[in-house]
Amino acid sequence: MLRTRPLSSRRVTASLLALMTSAAVAGPALAQTATPPVAAPAAAAPAAPCGGDLAAFLSGVKTEAVAKGIPAEVVDRALAGAVIDEKVLGRDRAQGVFKQTFAEFSNRTVSKARLDIGAKKMKEYASVFARAEQEYGVPAPVITAFWAMETDFGAVQGNFNTRNALVTLAHDCRRPEMFRPQLIAAIEMVQHGDLDPATTTGAWAGEIGQVQMLPEDIIAQGVDGDGDGHVNLKESAPDAILTAAKFIKSLGYTAGQPWIQEVSLPENLPWEKTGLQPGMTAGQWFALGVKPRDGNTQFGDLAASVVIPQGRKGVAFMTYPNFNIYLEWNQSFIYTTSAAYFATRLAGAPAYEARNPEAGLNDEAMKVLQTKLDAIGHDVGKIDGILGSGTRAALQREQLRLGIPADGWATQAVLDALP
Ligand SMILES: [Ca+2]
């Protein structure tokens, strides 16, 4: 869905597990982010054996793990009793059926309760966060917002047996090239004593712990924050906080720079330049009349995008290069914008000004819009009723062609205007 680069999809579900426990959002709460990422182009992915007899498959996994230097007895222990988890396959094949606007989603995920708990957690673990900022340059609010959105600060981490989930997804032929390395990494975690094949649980796609990370990332970025000799992302907040910080740094976070900033927009903005596209600096936006709500224009030299999740009459944000770490974390535009906004709130920003956005399209109308755009020749990806980055970009091009404000927001008027 992102147009700027192929999805590496370091993270798979970005589970928002915590949402599932809330009565207010019971039901198909995950679709905003649970739609699986588009598989990497087959040509770019190494071939991974998949399918067939499970014992034979596991034997191949063992050969590969041993070749990587993991003792055979560890591999045997890691894979003993492994089974295919049909529930995992069900989740992997589930398609998003539930769409929320930025306002709906952020109101639920960036709740007052979570902001209050987040503030308390930042205080409680102040020394750990200080270390995270000092060593990795990532400020506490950025980490804390992910901690909240992923698992409600560790409260809801997922009930799938991690080893079986990864065996299932590596064995399945849908995206073995993505999951086989995660399974090998999980076996390495067993070697380190950081994963129990029988009891370690997490998200359906193998993410583990309070910030929901995949085994390869845990192996590469895991930090033993509390000094007990293990990376325990399920139970140790210091381990989770510092590992998240190191991971975020590895995604390209630059210390001392903003990630997102609420702005107001002039009515005559060149709307076709909005959206997550490169080519402008913050200073150029300011010159066009874009005004930061906090008045801070000191980062004018940085590359910046203006994102308007609900069109030109709704809330507007300027994103800076650090926002890219959000796009690496999750491919949902609404999730990433909400998580980045959440972090600004924890850093002291006021609630955003909702303004007066035009009503968006319902699911069926959105599919009609996508079908129209597709028929015109735009690449909107899957006709899924989700106003993702691809659909927004296609819509902007078509709005520009029609001579209407190219803000990428799908309204009935825009739908009617399309041929
Ligand atoms: Ca530890």
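# A viewer tour, starting at arginine 355

Select arginine 355: the residue sits in the loop between α16 and α17. This is a predicted model. Check the backbone here first. Phi of arginine 355 is near 55 degrees, a positive value in a residue other than glycine. Most residues other than glycine have a negative phi. With a relative accessible area of 43%, arginine 355 is partly exposed.

Go next to aspartate 152. Here too phi is positive, about 50 degrees, and the residue is not a glycine. Aspartate 152 is found in the loop between α9 and β1 (160-161). Its relative accessibility is 24%, so aspartate 152 counts as partly exposed.

## The whole chain

Zoom out and colour by secondary structure. The protein has 19 helices and 6 strands. How many of the 419 residues count as buried? The share is 56%. Now switch on the surface. About 16,900 Å² is exposed, and carbon and sulfur atoms supply 54% of that area. For a contact map, take pairs of residues at least 6 apart in sequence: 71% of these contacts join residues at least 24 apart.

## The calcium ion

Select the calcium ion and show its protein donors. They are Asp224 (OD), Asp226 (OD), Asp228 (OD), His230 (O), Asp239 (OD) and Asp239 (OD). Their distances from the ion run from 2.2 to 2.8 Å. Note that Asp239 appears twice in that list, and that His230 donates through O. Along the chain, the donors follow the spacing D-x1-D-x1-D-x1-H-x8-D.

Why is the arrangement of the 6 donor atoms irregular? The angles they subtend around the calcium ion range from 50 to 163 degrees, which makes it so. For six donors to count as octahedral, opposite ones must be over 155 degrees apart and all others between 65 and 115.

Keep aspartate 226 and aspartate 239 selected. Aspartate 226 lies in the loop between α12 (215-221) and α13 (237-250), and aspartate 239 lies in helix α13, so the pair ties together parts 13 residues apart in sequence. Are these two residues buried or exposed? Aspartate 226 is partly exposed, at 39% relative accessibility. Aspartate 239 is buried, at 0%.

## The disulfide

Select cysteine 50 and cysteine 173. The structure holds 1 disulfide, and this is the pair that forms it, with an S to S distance of 2.1 Å. The link is right-handed, with 105 degrees about the S-S bond. Which parts of the chain does the pair link? Cysteine 50 is in the loop between α2 (31-34) and α3 (54-67), and cysteine 173 is in the loop between α10 (162-171) and α11 (176-192). The two are 123 residues apart. Both ends are partly exposed: cysteine 50 at 29% relative accessibility, cysteine 173 at 45%.

Step from the loop into helix α3 and pick alanine 55. Alanine 55 is exposed, with a relative accessible area of 53%. Draw a distance from its C-alpha atom to that of valine 83. The two atoms are separated by 9.7 Å, and the residues are 28 apart along the chain.

## Aromatic rings

Show Phe, Tyr and Trp side chains. The count comes to 14 aromatic pairs. Start with phenylalanine 317 and tyrosine 341. Their ring centres are 6.0 Å apart and their planes are at 50 degrees, so the pair is tilted. Phenylalanine 317 is in strand β6 (residues 316-319) and tyrosine 341 is in helix α16 (residues 333-346), 24 residues apart. Both residues are buried.

Stay on phenylalanine 317 and add tyrosine 352. This pair is edge-to-face, at 6.4 Å centre to centre with 70 degrees between the planes. Tyrosine 352 lies in the loop between α16 and α17 (363-376), so its pairing with phenylalanine 317 in β6 ties together parts 35 residues apart in sequence. The relative accessible area of phenylalanine 317 is 2%. Tyrosine 352 counts as buried at 13%.

Now select Phe146, Phe247, Phe323, Tyr326 and Trp329. Ring pairs link these residues into a cluster.

## Last stop: threonine 144

Finish in helix α9 (residues 140-151), where threonine 144 lies. Threonine 144 is buried, with a relative accessible area of 0%. What is threonine 144 in contact with, leaving aside neighbours within four places in sequence? Gly118, Met122, Phe129, Phe153 and Leu346.

Terms used
Residues numbered from 1 in each chain as written. Predicted model: local features only at pLDDT ≥ 70, side-chain atom pairs only at ≥ 80, totals over all residues. Heavy atoms only, no water. Donors = N, O, S within 2.8 Å, 3.2 Å for Na, K, Ca; no water. Tetrahedral: all angles 85-135°; square planar, octahedral: opposite > 155°, others 65-115°. Helix = DSSP H or I, 4+ residues; strand = E, 2+ residues; numbered from the N terminus. Buried < 20%, exposed > 50% of the residue type's maximum accessible area, 1.4 Å probe, protein only. Disulfide = S-S within 2.5 Å. Contact = heavy atoms within 4.5 Å. Areas by Shrake-Rupley, 256 points an atom, 1.4 Å probe, with all protein chains shown as cover. Phe/Tyr/Trp six-rings, centres within 6.5 Å; stacked < 30°, edge-to-face > 60°.
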